[in-house]
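Work through the exercises below with the sequence and the coordinates at hand. Each task is followed by a solution in steps.

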2 protein chains.
Amino acid sequence: MKLSKKSEYGLRALLELTAAHGTVTLQRHDIAARQHIPIEFLEQILLALKRAGLLTSRRGIKGGYRLIKQPRDITLGQVIRTLDGPLAPIGCVSKTAYQKCSECPYATRARCPVQQVMGTVRDAIAGILDHYTLEDFASGSRKA
Amino acid sequence: MKLSKKSEYGLRALLELTAAHGTVTLQRHDIAARQHIPIEFLEQILLALKRAGLLTSRRGIKGGYRLIKQPRDITLGQVIRTLDGPLAPIGCVSKTAYQKCSECPYATRARCPVQQVMGTVRDAIAGILDHYTLEDFASGSRKA
DNA sequence: ATACTTCTTGACTAACTAAGTCATAATTGT
DNA sequence: ACAATTATGACTTAGTTAGTCAAGAAGTAT
C-alpha cells in the first residue's frame, strides 16, 4: 500500500510546474532545488511524464519543462499510474490493467472474498485520485 | 499501492480458519492445499499471525491451527498491518507508524499538498479495512 | 518409551524493484 | 564555436518479495 519515491517526487515536481504554468518554463535544477529531489532521478521522472503526454520540454539554453495540458485536466491518478503502475492493490481488481489471478481457488470472480474487499479498496483510492486534479492539488483544496 | 502475496495468502488462510472456527483445528497442509499456498511460506505467515495474537496452535498428531479470537473481533486492517506494515501510502500520514518526512520542503504538516491528499487516501483505506472483520470477509458481505 | 506427526526456528537464495548515479549524445541560443 | 541544457541508456547498490531447505523440539497415540 505504498507510494514510491518516484511518484512522490513526480507529484512534487508537478506542483512546481503547475505554479509556473502559463508564465515560465522550469529547468531541472530549479525543480530539484526547490523540492529537494536528486537531479538525475528527477530527470527520469520528468522524461516519463513527458512520454505520458503531460509535459513538453525544450533543450538548450533557456530550455526547460512545462505542462502541456491544463492543471485542471490532469489528475493525480494519471500521474501515479504512469510512474507507479496500477492503483489497484491486486491485479484481479484493476480496471486499467486487469490480470486474472492464476492460483485463486475461487472459480468465479464474484465469489472471491479477497477480490471483493480489494475491489472496494481500489474504488476508494481511484475515487479520490482520479478526481483530484493538479489544480486542486496545487491550491491545497480539501476534497475530503 | 500493492498488497503482497504474503498478505493475500494470510487473508486466504484466515478465510479457512474462520470457516473452521469453533469446530475443528486445521493443519498446515489442509490450508495450503485448499488455497494453493506453498506450504513453507504459509508456515511463516501463520507464525506471524500467531505472534500477533490472532491464532494459537497445537503440535503433535491431531495438532493444527485455530483462531484465538472471534472472527468478528479481527479486522482485515490488523491482518494486513501485521503482515505488510502500515496501510498509509506514505510514512508522514500513518497513524500507527508515523514517520516525519526528512526532505519535505514544506515546514508545517498542514501545508504539504502531498501529505494532504495521501492523508485522505489513508483514511479511505483504513476506513474500509479497519471496519471489515473476518466475519464479514468470510460471509462475503458487501460493505460498499 | 517410542514412533509418528506436527510445529518452530533460522539460514539461505533467486528474482525483482526502488532509488539513484554516471557518461555520453543531441539540441538550442548567443 | 561555445556554453547551457535536455535525452538516452547503461550501470549500481540496497532492500524486498516470494519463496526453499534443513534440522530440531515438542506433543500424542500406542
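The exercises concern a predicted model and cover a hairpin, a helix, the contact between two chains and the surroundings of two DNA strands.

**Exercise 1.** Determine how strands S1 and S2 of chain A are paired and what joins them.

Solution.
1. Locate the strands: S1 of chain A covers residues 55–58, and S2 of chain A covers residues 64–67.
2. Look at direction and bridges: the two strands run antiparallel and are joined by four bridges.
3. Fix the register: A:Leu55 lies opposite A:Leu67 of S2(A).
4. Examine the connection: five residues separate S1(A) from S2(A) in this hairpin, and A:Gly60 in the turn has a positive phi of about 75°.

**Exercise 2.** Compare the span of helix H5 of chain A with the expected one, and explain how far H5(A) is enclosed.

Solution.
1. H5 of chain A comprises residues 113–129, which is 17 residues.
2. At 1.5 Å a residue, a span of 24 Å is expected.
3. From first to last C-alpha, H5(A) reaches 24 Å, close to that expectation.
4. For burial, a residue needs 20 or more other C-beta atoms within 10 Å of its own.
5. In H5(A), 13 of the 17 residues are buried, so the helix is largely enclosed by the rest of the structure.

**Exercise 3.** Describe the side of chain B that touches chain A.

Solution.
1. Count the residues: 33 of chain B are in contact with 33 of chain A.
2. Assign elements: H1, H2 (28–35), H4 (76–84), H5 (113–129) and H6 (134–139) of chain B each supply at least two residues to this side.
3. Find the largest share: H5(B) gives 10 residues.
4. Classify the residues on the chain B side: 21 are nonpolar, five polar and seven charged.

**Exercise 4.** Which residues and elements surround DNA strands C and D?

Solution.
1. Around DNA strand C there are 24 residues, with A:Ser4, A:Lys5, A:Pro38, A:Glu40 and A:Gly60 closest.
2. H1 (5–20) and H3 of chain A, along with H3 and S2 (64–67) of chain B, each give two or more residues to the surface near strand C.
3. That surface holds six nonpolar, eight polar and 10 charged residues.
4. Around DNA strand D there are 22 residues, and A:Gln27, B:Ser4, B:Lys5, B:Pro38 and B:Gly60 come nearest.
5. Two or more residues near strand D come from each of H3 (39–51) of chain A, H1 (5–20) of chain B and H3 (39–51) of chain B.
6. H3(A) has the largest share near strand D, three residues.
7. The surface near strand D divides into five nonpolar, seven polar and 10 charged residues.

Methods
Residues numbered from 1 in each chain as written. Chains lettered and ligands numbered in written order. Predicted model: local features only at pLDDT ≥ 70, side-chain atom pairs only at ≥ 80, totals over all residues. Pairing = 2+ DSSP bridges. Near = placed C-beta within 6 Å. Nonpolar A, V, L, I, M, F, W, Y, C, P; charged D, E, K, R; others polar. Contact = placed C-beta atoms within 7 Å. Expected span 1.5 Å × (residues − 1). Buried ≥ 20, exposed ≤ 12 C-beta atoms within 10 Å, placed from the backbone.
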